[in-house]
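Reader: I'm new to looking at structures and tend to get lost when there's a lot on screen. Please pick one part and walk me through it slowly.

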Amino acid sequence: MTFFRSLAAQWAQRYRKMSIQMVLSLSFTAAAAVGILLMGVSFIWRFSAVNEQIVAENSQKILAQANLNLDSYLRRMMRIADTVYYRVIKNTDLAQGSYTEALGLLYEENRDDLVSLSVFDSRGGLVSSVPLAGLKAGADPAESEWFQAASQNMENLHFSTPHVQNIFEDPETPYRWVVSLSHHVELTRDGVTEAGVLLVDMGFSGIEQVCRDVTLGRGGYLYLIDGDGELIYHPRQQLIYAGLLEENNQTAAGYRDGSHNERFQGQSRQVTVKTVGYTGWKLVGVAPADSWDTSVQLPVFGCFLLCFAIFLMAFLNILISARISDPIRRLDQAVKALDRGEAAEIEVGGCYELQHLSRSVRSMVSTMRHLMDDIIRQEEQKRRSELEVLQSQINPHFLYNTLDSVIWMTESGQQQEAIQMVTSLARFFRISLSRGKNIIPLSDELEHARHYMNIQQIRYKNQFGTRIEAREGAEGLYTLKLIVQPILENAIYHGMAGGEDDGLISVTAYREGEDLVIDVEDNGLGMRPETAASLLSGEGEVQTSGSGTGVRNVHQRIRLAFGQSYGLTIFSEPDEGTLVRIRLPALTEGEAARFRQGEE
Amino acid sequence: MKKTGLPAIAVLSLLGLLAVLTLLAPQLLREREDGRLLALSVLLRDTDSSGWNAARQGMEQAADELGAELRWLTLTVPNDTREQEELLRREAEGGADAVIAVPADPEALRSALDRLAAPCPVVTLECAMEGSAGTAAPDNGEVGRRLAEALLEDWSGGDVLLLDNSGDCPETAPRLEAALEALTAAGVPAVRGTALPEDAPPAWVMTFEDGATRRAAAGKEGAEGFALYGVGASTAVTAQLERGAIAAVAAWSDYAAGYLAVRQAVQALRERSRPLDPLPFSIVRGEDIYAPENQKLLFPVTS
């Protein structure tokens, strides 16, 4: 189990390192190979089965033909026996004549198939015989198996198994192998009938001619056995007799007619059996399995086909997978180039899904670029705005005028006012810095405004009054720093500078829902609404020197920090005064801390 | 494509090569199987081959099955060692792939074989030869011993003559020696002789070669009274056995010997030969000659 897990892990690792083309090629090729293999095995199996059936049918046809020939041969022998019996023996009285002449004629007519024709009396005494005239000394035909078979079964003709005929004196061929056909007969001697036995010795050549040239497939053969499995004819009979070869004849004797598969001496073979009528002999056709079996040739052919198919499939798969994966590869390369920060063109190609993917990636890249440009621009604006704010805090005119006022007050003995002014200036700059923090408590911001207004009131000899307050609910909130002072500065320079002594500038901070609102209001000169609107946009109305820059700066800083829904709103009418409303999110201490972290 | 190009080309080339090889393999195998007929020369030690009919049938059967052709060569003088050596040289130099020999003198034939520039496999019949590719023959010592045992079953007293009149047949000596040893061990008086005594033949005679058995049986017709135990399965010997002139013979299948000799020669040429086991043999008595197994042994099937 561990081994398989390890193997699966290795494969998974290799898979992760493979290119999509390699994965496609290997997968398609493997799937094709498995498919072809299954088809091949199925084909071989089916081909073998059909081939085996064809061989069986062919064997049965051949055996049927051989059986016909053998039956015809045996019937001819039986007809000879019948002729001898009914035409010669029945018509001849031994007291008056002999069978020899008639037997001689029959023998001559059929000498190609016959070895001898003989008639014996019931004791085995030779009555007549052609062409062999006499018995061997000591021969006892009555003891022969053929004689006894004929005597015991009087009705039938009896065919023996092959044997050496040993009863006749035969100087030319003393030991012939024959098949004996014996039949009980009734001899007539002096008008009296007596039992006898007719012997027709058939040569081996007749049976051999029927069986010898029959071939069943490559390496197949035919043999003949009797009902007990004893060999009558076999193409390699002498080898079997010599003990050099074995045949499965005893088993074959038990087979019924038809085709059977057997395994003999390690060889698979198909055995077809056909029983020869009357005799009970069996023709046995043997077809070795390799004559139809596809165990060697077809698998070799199959291997060729498989290799060729894999070759072709691999070739096509590589081409197809390259075509499919090439747009993906190019997209991958383009994305990698983008990762490296290089400029890369994303091509749109391949199939529909890939085109869609490429377009999406291209769109995403375009959006990303725009967003990045926006971020860069915003950061730049933010940086510039903050710089401008800081620069405005150290306005040399403001500092010069303040210090000049301090000198003047000191010289004129207004020690207390001088101290107050310097103290306010110090506090003013301390809060301006706020240790570099951008978000500060509202109280600090209002204190910053208060110190600024202290300085300006001294400078302007209290031409206007100031009221700065934070309503309940707004005390603990936080705000962007240095947003009130530029508006106060604008109110002083443009609203109060040329006014009467009853000028009032008020700063009121309060919470409105989730927002913090700081209203900076004056009762100065006011302005037309168009002018007020153009103060924030910086467009339209011609601006006097410096007017509105600080206000716009505050507006932009708030919107950069908190979004477009925040910022300044200016309400003004000529001679009515001006209200500048600062809207911010109401930041608690925790939210202010998180906002600072986000900025960092 | 660039990354996978080289391996892909290698794999495709390999597959292509495999496909070509697989296509060619069956053809190559078939050509090798076809091959030419092997030329086998059969050197007899007799002047004619009539006594080797059964062996010849066996040889022809094997030659037919194994893809060989046979050339039969006989001597002008029986057991002429020189002539047989000359024939061996001529056949080997004349292109015979292998030789099957019935040695007139195994040692001389071995020497002749050693002198050949390009010796070919030689398989012997009847007797063994050192350096041969095999011998298709029974264990000659065992033949003599078993034949002596058959005689001992019948022996009722008297001398046993071990007849050695087979000329120069080399297989006779081990048979005779083994028989002599068995008889001596059984306390039976046994003497060697080269001919049957005409005046007073012994009651028991043993011969150790087909020709000697045949001659002794023929000689018995004129000298009644001795029991003959011999070696051989020729038709003449079988006829004498049937007539009762021979009491028992040690017989084996010459057909099997011929078949095995050719098969061994072919296997030697194809470098697949294994040592041949001694041929089985049987002691056949006259009364058992027509037992089914003995019929198959003694009488070759002929149509």
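What is the mean pLDDT of chain A, and what percentage of its residues reach 70 or more? After that, I'd love a close look at the open sheet of chain A with mixed pairing.

Author: Let's start with trust, since this is a predicted model, where local features need pLDDT of at least 70, side-chain atom pairs count only at pLDDT 80 or more, and totals for chains, interfaces and linings use all residues. Residues are numbered from 1 along each chain as its sequence is written, while chains are lettered from A and ligands numbered from 1 in the order in which they are written.

Chain A has a mean pLDDT of 85 (the predictor's confidence in each residue, from 0 to 100), and 94% of its residues reach 70 or more. Within chain A, confidence bottoms out in helix H8 (residues 297-339) with a mean of 80, and peaks at 94 in strand S16. Those labels come from DSSP runs numbered from the N terminus: helices are H or I with at least four residues, strands are E with at least two. S16(A) is a handy place to begin, as it belongs to your sheet.

Your sheet is open and has five strands, and going across it in chain A you meet S13, S15, S16, S18 and S17 in that order, with mixed pairing. S13 (464-470) and S17 (567-573) of chain A sit at the edges with a single partner strand each, so one side of each is left without a neighbour in the sheet. From one strand to the next, the twist averages 15 degrees. (Angles run from 0 to 180 degrees between N-to-C directions, and axes are lines fitted to C-alpha atoms, for helices over the stretch in contact.) Helix H12 (residues 442-459) of chain A packs on this sheet and touches S13, S15 and S16 of chain A. The direction of H12(A) makes about 170 degrees with that of S13(A). Contact here means that the C-beta atoms of two residues, placed from the backbone, lie within 7 Å.

Now for the pairs themselves. Strands of a sheet pair through backbone hydrogen bonds, either parallel or antiparallel. The rule used here is that two strands pair if DSSP finds at least two bridges between them. S15 (residues 503-512) and S16 (residues 515-522) of chain A run antiparallel and are joined by eight bridges. In that pair, look for Ile505(A), which has Asp522(A) of S16(A) opposite.

On we go to S18 (residues 577-585) of chain A, which runs antiparallel to S16(A) and is linked to S16(A) by eight bridges. Here you can find Val520(A) with Val580(A) of S18(A) as its bridge partner. Then S17(A) and S18(A) pair in the antiparallel sense over seven bridges. Phe571(A) faces Leu579(A) of S18(A) across that pair. S17(A) and S18(A) also make a hairpin, with three residues between them. Zoom in on Asp575(A) in the turn: it has a positive phi of about 65 degrees.

For contrast, have a look at another open sheet of five strands in chain A, with the order S8-S7-S11-S10-S9 and antiparallel pairing. Its edge strands are S8 (231-233) and S9 (258-264) of chain A, and each pairs on one side only. Ignoring direction, neighbouring strands in this sheet are turned by 35 degrees against each other on average. S7 (residues 221-225) of chain A pairs with S8(A) in the antiparallel sense, over two bridges. There, Ile225(A) has Leu231(A) of S8(A) as its bridge partner.

This sheet has a helix across it too: H2(A) lies over S7, S9, S10 (267-275) and S11 (282-288) of chain A, at about 40 degrees to S10(A). H2 (residues 20-89) of chain A also packs with H3 (residues 100-109) of chain A, at an angle of about 155 degrees and with the axes 11 Å apart. That makes H2(A) roughly antiparallel to H3(A), a label for angles over 145 (under 35 is roughly parallel, 65 to 115 roughly perpendicular and the rest oblique). On the H2(A) side, the contact is made by Ile80(A), Thr83(A), Val84(A) and Val88(A), and on the H3(A) side by Ala102(A), Leu103(A) and Leu106(A).
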